[in-house]
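User: Please take a close look at one helix-helix contact between two chains in this model, and then place that contact beside the other features of the assembly.

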Amino acid sequence: MASVAHPVREGIRGPNIASADVQLPAVRDYEQVDRDIIATLGFTKKWFLGLSVAVLAMLIGASSWIYQIYWGLGQAGYEPPVMWGNYIITFVFWVGIGHAGTLISAILYLFRAGFRTSIYRAAEAMTVFAVMTAGLFPIIHIGRPWKFFWLIPYPNWRLLWPNFKSPLVWDVFAISTYLTISTTFLFIGLIPDIAVLRDKETNPMRKRILSILSLGWRNSDREWRHFAKAYLFLAAFSTPLVLSVHSVVSFDFAMALTPGWHASIFPPYFVAGAIFSGFAMVWTIAIPMRKWFKLEHYITLNHLDATAKVVLFTSLVVGSAYLIEFFIAWYSSVRAEQEFFWNRVFGQWWWAAWTLLLCNMAMPMSLWSQKLRRNPTWLFILSLFINLGMWFERFVIVVPSLSHEFEPWQWGHYTVSWVDMSFLVGSFGWFFMWFLLFVKQLPVMAIAELKEIVAPRMKHGHGHGHDHHHAGGHE
Amino acid sequence: MRGVTGAFHELDTTVAAIEDLKKKRLGDVTVYSPTIRHELDHAIDAPVSVVRRFTLVGGLLGVSFGYWIAIWSSNYWPLVVGGKAFASWIPYTIIGFEVMVLVGALSTVAGMFINSRIPRLTTTTGYDARFSGGYFGIFIACDAAKADQAEALLRQHGAAEVRREA
Amino acid sequence: MTTEAGTGVKRREFLKILGATGATTAVVGCSSEKVGKLIPYVTSPDNTVPGVSQYYATSCRECAAACGVLAEVRDGRPIKLEGNPEHPLNRGAICATGLAGIQGLYNPDRYRSPMVREGNALKPTTWDKAYELLAQKLGEVKSKGQAGNVVFVNQHETGTFPGFLDQWLKEQGMPAHLSVDSTAPIATIAANQKAYGTAWPALNFSAAKLVVSFGADFLDGWGHSVPQQLDWADARSKLDVAPRLIYIGARRSLTGLNADQWIAAKAGSEMAICAALAGTGSAAAAAEAANVPVATIEALVKAVADAGNGIMALCGVTGNDAVECGVMVAEINKKGGAVGTTINTAKAHGSYTGLASYADLAAAVKNMDAGTVPLAFVRGANPAHTMPKSAGFAAAFAKVAFKVSFSSMPDETAQMADLVLPDNHWLESWGDAVGENGQISLQQPTLDPVFDTRSTSDVLIDLAKKDQALAAKYNVADFRTWYISKFPGGASGFATALTKASVAGAPLVATTTRTLAATATPVAEGAGDFFVQVYPSPTLGDGAGANKPWLQELPDPVTKIAWQSWIEVHPSTAKKLGIKEGAHLTIETAAGKVTAPAYIYMGVRADTVGIALGQGHTAYGRFAQNIGVNAYDLVSHGWDSAGGLAIGSVKGKVTVSADSSPLVTTEGSARQHGRGIAQAMTLAALLGQEAEDEHGHHNIPGLPSQDFRTGLKAPIAADAQGEYANPLAKDKGMYDAGHSSKMESRRWAMTIDLARCTGCSACVTACYSENNIPTVGAPYQGRALSPVTWDERPGANIIKGREMAWLRIERYYEGNENTENEFSPDFETRFVAMMCQHCGNAPCEPVCPVYATYHSPDGLNVQVYNRCVGTRYCSNNCPYKVRYFNWFGYGEPERRQYAWPEPMHWGLNPDVTVRGKGVMEKCSFCVQRIREAEHRARAEDRDLNPDEFTVACAQACASRAIIFGDAADENWTVSKLAYDRRAYHVFEELNAYTAVVYLKKVNYPAPAAPATA
């Protein structure tokens, strides 16, 4: 498999070190796949503990939302002219994370990147839940959340329609489309696997539910044929969608006059940043998961290595975008722009700017070393720093720009309040609540697809089970 | 529906059986496999899925609706913002695109459902739980007369188990 | 002036009805007891149409000047005060203090009934009981023959009442009352009387070539701000031949910031400078004393000489030798022959007739302390707050056997009283006031008393009736009947006079005249290395305004600080002593000490600290209490030879404490960073002798300048982004030139002349009043610091930049970049009014997802509150940062942030929505006034007349700096001014095509620039 890295030294073989042609050396047959994956579904004490922590955090966020709606947005830390703050920052943060899943499942699928197979299900689920989290924040952020539906074009007796020229309406379309499509994508991929669970299930009640969820999938050749085609087109749609969604999010800033926002580089820069943060979050989730669920021989070091390369690349893209912004500010000779960018790194928010430069530009450079690329512990630590850095990237885009605009008389400050913080905590609670519920109900790996890259039984000699132009491909 | 089901444990034997059955024309053959194998596809050699038509139509409907709702509502309720055109075509491309993806993708899924006859909650003749696990299955829809022949053929190709469906 | 002419038509209309309505207002008004919920009239009182305003001409009693005002009354409740365009004094203008009269009327903390002391507390009582008690006390006092020792202290006012009061006191055998005013420039008045033979000659700025102000803040409180500001601005608008202003003093006040040159003379050195000017002293000596370069003094002497009879020297010095200094300053005018030209003694102002001095009051306090005063009355005045602690008023007043207060607010003095007979607010009572000598303007009620209060004049009559000896004399229903009976021409004469803003005449009873003279009791300069400059706040005065949230919220025009006390230190001093902004400083003088956060201000001498009066109330209601410190505590109990409190030239120690608190300021950066917001041109440039400076048409280097007038040609400016008239749009609705509304033919616009603007900020308060803008700085309006604790600092919301002022005055400094290293008096200040610019291509509009803000066909940038969901994107995209968000439910009575506690909401303008929580708001160009005028025109089947109406800020502006109108119609003044050569747009390079055109300030060379420099 071209897209899977060669091992450190030829000749080394082990359960979680693949070679160019054998992706999952430690997986022998279809039954093993079923066994291993279904084994991850059993409830455990640790899991309940984790879930209760997540739910608690979620409740903290929920209660402070009630508090904020009752009193007004003044309870958040806003200090005009900083009219956007933690909520928009966190919104962009989660949307960004929501990009890895579809990227892995769709774009890498079209690129025939074999290493996607064992991580895409988890990543896709992560995407759906991240977007579900992100989607809350614009509503939390607005002054009259109960009027949120006014942004949606629906026929109404007042004959009022939204303003389709507004980037925020573009957001509504982009985000809602993205949520719908990535959820559909996730579910379609799940159908055959739910069928597997159904057929292995003994408890009649669960069996009934599972057979409803599986829509009566029977693995027949007709089903597989249409499934493959549909999956291909979904991937073909999702690919530009992924790119469009974060571009649209970046328009929220790029379309404004605000110094530090008004830049045409934003769409590519945001998309790269999104993929960057998304992969980091995949690590944050997949690395502990492969350990706790004993899936090291499914998510092999080669897979991590391959993702590390993507992270390194996107880090370079994002890094150069940062530098280009400064260049353009200087080159534009627009005084407001120049003063803003000077203020960004040496002004009141210098620490935020340097945090993001350290986490997003400097630290990922460690990935030039293959040793570190294949060191799960380091990747996990790095992923936490990247998540932090990406949150601060959005902070640096939103807050300093607004606090240092055209009108010096209105230059201001910003400090988050306890309400802001509880929403941040709540968002993680909400996200992990869903994810934890997911991993114990449904397979975190695509059983059917894994079987594609596992050698099938042959009567006469070794079949060509994993030859290049097929594995990972559905058609 | 009457017929014969054979469960195979190996891929190559399954393929051989399918090819043989197609020559014999004993009846419609349905192949069950835990995953997609191109060998089976070759053996079955079915026409290209029509799902792509649903995709095309859905996409076109979506993009036109997206543009239409944006342009119509802007002209229907003319309000000037920022000195821009009532209906600003360029930004509306975003609306057009997103709605295209939405409708296109959903109609693709609809296409898949319709064509592969799901959701279906009744049990299917000839299906066996093993077919989602490690076994490949072949079901030949035929009357009792042809059944013996089919059964023999399946056994000859080394089916792990053969079952009469009545 | 255009605004007056424009509003004239409308005004005459209602002025006609006033005579009739005057009598019926009492019926129309409604008081809190009667009103449960709003119910329309079944049979409405005469001349009232629900929803249509009536305007009552009356006189403002917020200060002694007594400007003519029009009270806009809607359905029986005054909702706004406007200057009376026909009044010779203020000619339609009004100041912030006057505008805030409404909040005095509807103040929630007013006494709601008479109060009587029971133990330590004042308990409500009835008027009958109160009368009984007081009558009995009067009886005792008279029977004991102590009537001669009774003291009656009244807040100084002109008109008939003081005379009426003296008469009443005389009949009771009591001495004439003390008419006190702690902010009146007593020394100056005395000096004027000595030098010109009149208390307050009119200052004719138009005739002046050079104005030299010795600490005379004629634009912020000294004398009569509004008329002075009107004349000053008109004179300055002559541009090249405008009078120049030199300000001499240790602190640069608002007037100082408007000066062309500041001579930072050491406090107390004015005499020496006068001597130099008079030729009796040497320039060197003056320079030595004032600690300024000799060259400057020499240049000053020359400049004054050159000015000839165009010189106007004004003295506002307060100190031991204030009177002498005032006389010497007057000598400068005499020497130049300016008396008769710039100093118009023929047209003197009568507002200080009968004024008692601080020394007179001090004498009374002495008697109280001696325990010889059996009975004391206090009305309006609040000596407990406005006298230095060292005067010992509180202790002395406590010794008075029976203390009666007529105050309608629970102020410090009233809280000590044994009996409170709350007076009506001036908008609830009858009376008259003297403006210019020989002119009186009448005062009529605009509604029934809001609470169970009675006007003191009526109370005096009622009390007299209870006394057999006097009953016969006072055989009248009330003061009004008495007044009409005495009025020349009786009822009919009175009725006609009521419809006039001001009529020739005199008070019906003359008040006891006093000569302001006393044996000076000099104040010891005291120890300490800093001069302490204590000055009355331009917004709160001596503290009388502190109970009005509008005035608390209005940033001080100089420091831009609200809801707080502060101590001004020079940057170089701050650097030397390591003082950071907001660090707590303690000033200690011989008299006492106060602690307040530091404000670093380059407008004070390095050896001087400044602190404003007005705050530090221990009573006086929720808006005043426990905010800041009372600077009177620093002042020693001593007076000049006129008996005026000697505030000036006090020395004190300054100590820095470790703790600090944020300043409640609306200021972001005080420097423009070359953004070209407040632009100016030099006189030379104006005269075409030199090219425009870098603040000319290229605001931001590297960007080409646009032809900004495009924005004024059409309501919607079509630019590179495309033509709004999309060919595909069959129906352009109201945007069609042919549309019946004809809206598309208009472009509402505004010009703001920076050469006229003095930064007084009256427009800001006018905007608050007209547009129901919530005040957000009250201590209880803050946010939660944790689920249980609240931020209860005064101005907590303003510290977070959440003030709601649709219109703000920005104060930018130019020059003096090195000020923290060395003191230099040479810096320039530019005031620029910033409100929604109503851009032709508004950046805020396209980003709104729900069309809550869009562009109206007549060029307004409209904000639809009901449609707003509060994404706040519009504000992010507004380069001018003039959009304001409702962070809390300021309009929800059940929220702690509620801005109009009962009955303050009576003063809300029913034409304007009170914005809900979570929506964006901004300047609407007073759209309600635009539509009202349009509807009136349509009803009369005519087009709008040019300058027919104007917006609230322009209407109030005493500088006439703001002009509003239709720029698309060349008959409106605004469309002429918009094409002035000084015209520019802020951030022109952003292509927003704004509707607000600024006219550049003109910078004059320093009039007394040293020849060498």
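Analyst:
**A helix pair across two chains**

In this predicted model, the residues R222(A), H226(A), F227(A), A230(A), F233(A), L234(A), F237(A), P240(A), L241(A), S244(A), V248(A) and F251(A) of helix 7 of chain A meet I94(B), F97(B), E98(B), M100(B), V101(B), G104(B), A105(B), T108(B), V109(B), M112(B) and N115(B) of helix 4 of chain B. Sorted by class, this contact of helix 7 of chain A with helix 4 of chain B comprises 16 nonpolar, five polar and two charged residues.

As for geometry, the axis of helix 7 (residues 221-254) of chain A comes within 9 Å of the axis of helix 4 (residues 89-115) of chain B, and the two cross at roughly 165°. Because angles over 145 degrees count as roughly antiparallel, helix 7 of chain A is roughly antiparallel to helix 4 of chain B. The crossing of helix 7 of chain A with helix 4 of chain B is left-handed.

Chain A also meets chain C, where 70 residues of chain C are in contact with 58 residues of chain A. About 5200 Å² is buried between chain C and chain A, with carbon and sulfur atoms giving 56% of that area. On the chain C side, R675(C), Y873(C) and N876(C) lose the most area to chain A, together 13% of what that side buries.

Within chain C, seven strands form an open sheet of mixed pairing, in the order 5-4-16-15-14-6-7, and its edge strands are strand 5 (121-124) and strand 7 (178-180) of chain C. Strand 15 (residues 402-405) of chain C pairs with strand 16 (residues 419-420) of chain C in the parallel sense over two bridges, and V404(C) has L419(C), in strand 16 of chain C, as its bridge partner.

Definitions and conventions
Residues are numbered from 1 along each chain as its sequence is written. Chains are lettered from A and ligands numbered from 1 in the order in which they are written. This is a predicted model: local features need pLDDT of at least 70, side-chain atom pairs count only at pLDDT 80 or more; totals for chains, interfaces and linings use all residues. Side-chain values use heavy atoms; hydrogens and water are left out. Axes are lines fitted to C-alpha atoms, for helices over the stretch in contact, and angles run from 0 to 180 degrees between N-to-C directions. Helices (H or I, at least four residues) and strands (E, at least two) are DSSP runs, numbered from the N terminus. Angles under 35 degrees count as roughly parallel, over 145 as roughly antiparallel, 65 to 115 as roughly perpendicular and the rest as oblique. A crossing is left-handed if the near helix is turned anticlockwise from the far one by less than a right angle, and right-handed if clockwise. Contact means heavy atoms within 4.5 Å. Ala, Val, Leu, Ile, Met, Phe, Trp, Tyr, Cys and Pro count as nonpolar, Asp, Glu, Lys and Arg as charged, and the others, Gly among them, as polar. Two strands pair if DSSP finds at least two bridges between them. Buried area is the accessible area (1.4 Å probe) that two parts lose on being put together, summed over both.
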